[in-house]
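Hi,

Here is the structure I promised to pass on. Have a look at it first, and then read my notes below.

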Amino acid sequence: MQKLKQIYEGKAKKLYETESPDLLIQEFKDDATAFDATKRGTIVNKGIINNKLSEKFFVLLAKKGVPTHFMKRLSDRDMLVKRVEIVPIEVTIRNVVAGGMAKLLGLEEGIVLKEPVLEYHYKEDKLHDPLINDYHIEVLKLATPQEMKKIKDYSFSVNQIMKDFFDKVNLKLVDFKLEFGRHKGKILLGDEVSPDTCRLWDKVTNEKL
Ligand code: ADP
Ligand code: MG
């Protein structure tokens with residue numbers, strides 16, 4: 001598969017069309033952003049690591065029954081994926097209080113949640129990705145209730161699978177972000193699953209990775 005036209009450049013990746021209208025190539029860059037993209041820089045080979053780890057997680061998740069856009073890794077930085085229509089919602093699952101949740105609710109970082117907490121953020125840079133709920137999703141027509149049921153179920157499955165995975169290497173999966181899309185009428189997990197989209201702490205010392 002060859003990269004044809006570049007159709008998107010985001011903060012972490014570029015997307016290219018291929019000979020097949022159903023398939024895209026996702027290229028992982030070294031660019032790093034933080035704090036709502038107000039801080040920028042590059043981390044050498046970050047793209048390579050995120051590409052290879054995303055491959056690993058997509059393969060694992062598919063094996064455990066979560067459908068994903070991943071087809072195959074093509075090179076150090078490129079992966080072939082199914083083209084999806086992105087649902088403009090970032091799904092966050094939290095197992096431990098940190099970051100935005102600590103700030104929003106005035107809670108101390110590090111509190112272990114008895115049940116995982118699911119959050120939606122509207123993927124809209126202009127609005128700084130505001131926190132939304134099912135009612136907002138309905139009003140904005142971002143997805144149908146049937147689609148949201150799938151998205152929710154898949155997200156909790158991903159949490160269980162990833163938590164178990166990181167536990168074995170002595171890491172605590174504090175929280176992570178997912179994006180989903182539509183492909184031929186089905187909801188697929190898209191984008192990336194990598195250290196860039198997960199918050200990981202040492203299981204014993206809580207040292208931040
Ligand atoms: P952003 O800065 O918008 O987060 P990224 O650098 O993460 O962008 O680039 C990936 C972009 O491609 C994201 O906007 C994501 O929603 C979108 N995307 C991810 N997977 C697919 C796919 N399979 N088909 C179409 N778009 C995708
Ligand atoms: Mg992104």
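Let me start with Glu-179, which is buried: its relative accessible area is 4%, and the cut-off for buried is under 20%. Bear in mind that this is a predicted model. Glu-179 is found in the loop that runs between strand E12 (171-178) and E13.

What does the side chain of Glu-179 make polar contacts with? One partner is the side chain of Lys-123, at 3.5 Å, and another is the side chain of Lys-177, at 3.1 Å. If you leave aside the neighbours within four places in sequence, Glu-179 is in contact with Ile-86, Ile-89, Glu-90, Lys-123, Leu-188, Leu-189, Gly-190 and Asp-191. Keep Lys-123 and Asp-191 from that list in mind, as they come back with the ligand.

**The ligand**

Glu-179 is also one of the closest residues to ligand 1, along with Tyr-8, Lys-11, Ala-12 and Lys-13. In total, 17 residues surround ligand 1. By class, that shell is made up of seven nonpolar, three polar and seven charged residues.

There are some polar atom pairs worth pulling up on your screen. His-69 has a polar side-chain atom 2.8 Å from a nitrogen atom of ligand 1. Lys-123, the residue whose side chain makes a polar contact with Glu-179, has a polar side-chain atom 3.2 Å from an oxygen atom of the ligand. For Asp-191 it is a polar backbone atom, which lies 3.2 Å from a nitrogen atom of ligand 1.

How much of ligand 1's accessible area does the protein cover? On its own the ligand has 550 Å², and the protein covers 91% of that. Strand E2 (13-17), strand E3 (23-28) and strand E7 (78-82) are the elements that give two or more residues to the shell.

**The sheet on one side of the Glu-179 loop**

Now to E13, which follows that loop. E13 belongs to an open sheet of three strands in the order E8-E13-E14, and the pairing is antiparallel. E8 and E14 are at the edges with a single partner strand each, so one side of each has no neighbour in the sheet.

Strand E8 (residues 85-86) pairs with strand E13 (residues 180-183) over two bridges. Glu-85 stands opposite Arg-182 in E13, and Ile-86 has Gly-181 as its bridge partner. Going on across the sheet, Gly-181 is itself the bridge partner of Leu-188 in E14. So you can step from Ile-86 to Gly-181 and on to Leu-188; Ile-86 and Leu-188 are both on the contact list of Glu-179.

E13 and strand E14 (residues 186-189) pair over four bridges, again in the antiparallel sense. Their hairpin has two residues between the strands, and Lys-184 there takes a positive phi near 50°.

**The sheet on the other side**

E12, the strand before the Glu-179 loop, sits in another open sheet. That one has five strands in the order E11-E10-E9-E12-E15, with antiparallel pairing. Strand E11 (131-132) and strand E15 (198-202) are the edge strands, each pairing on one side only.

Is E12 mostly covered or mostly uncovered? It is mostly covered, with seven of its eight residues buried. E12 pairs with strand E9 (residues 89-96) over four bridges and with E15 over five bridges. Phe-176 is a handy place to look across this sheet: Ile-93 stands opposite Phe-176, and Phe-176 stands opposite Cys-198 in E15. Leu-173 stands opposite Leu-200 in E15.

**One more residue: Asn-45**

I also looked at Asn-45, found in the loop between strand E5 (39-42) and helix H1 (46-63). Buried, exposed or partly exposed: which is Asn-45? It counts as partly exposed, because its relative accessibility is 37%, which falls between the 20% and 50% cut-offs. Leaving aside neighbours within four places in sequence, Asn-45 is in contact with Asp-30 and Arg-77. If you want a distance for orientation, the C-alpha atoms of Asn-45 and Ile-7 are separated by 23 Å, and the two residues are 38 apart along the chain.

Cheers

Notes:
Residues are numbered from 1 along each chain as its sequence is written. Chains are lettered from A and ligands numbered from 1 in the order in which they are written. This is a predicted model: local features need pLDDT of at least 70, side-chain atom pairs count only at pLDDT 80 or more; totals for chains, interfaces and linings use all residues. Side-chain values use heavy atoms; hydrogens and water are left out. Buried means under 20% relative accessible area, exposed over 50%, partly exposed in between (1.4 Å probe, protein chains only). Contact means heavy atoms within 4.5 Å. A residue is near a molecule or strand if one of its heavy atoms lies within 4 Å of it. A polar contact is a pair of N or O atoms within 3.5 Å; within protein, one must be able to donate a hydrogen and the other to accept it, and residues adjacent in sequence count only if both atoms are side-chain atoms. Accessible areas come from the Shrake-Rupley method with a 1.4 Å probe; for residues, only the protein chains shown count as cover. Ala, Val, Leu, Ile, Met, Phe, Trp, Tyr, Cys and Pro count as nonpolar, Asp, Glu, Lys and Arg as charged, and the others, Gly among them, as polar. Two strands pair if DSSP finds at least two bridges between them.
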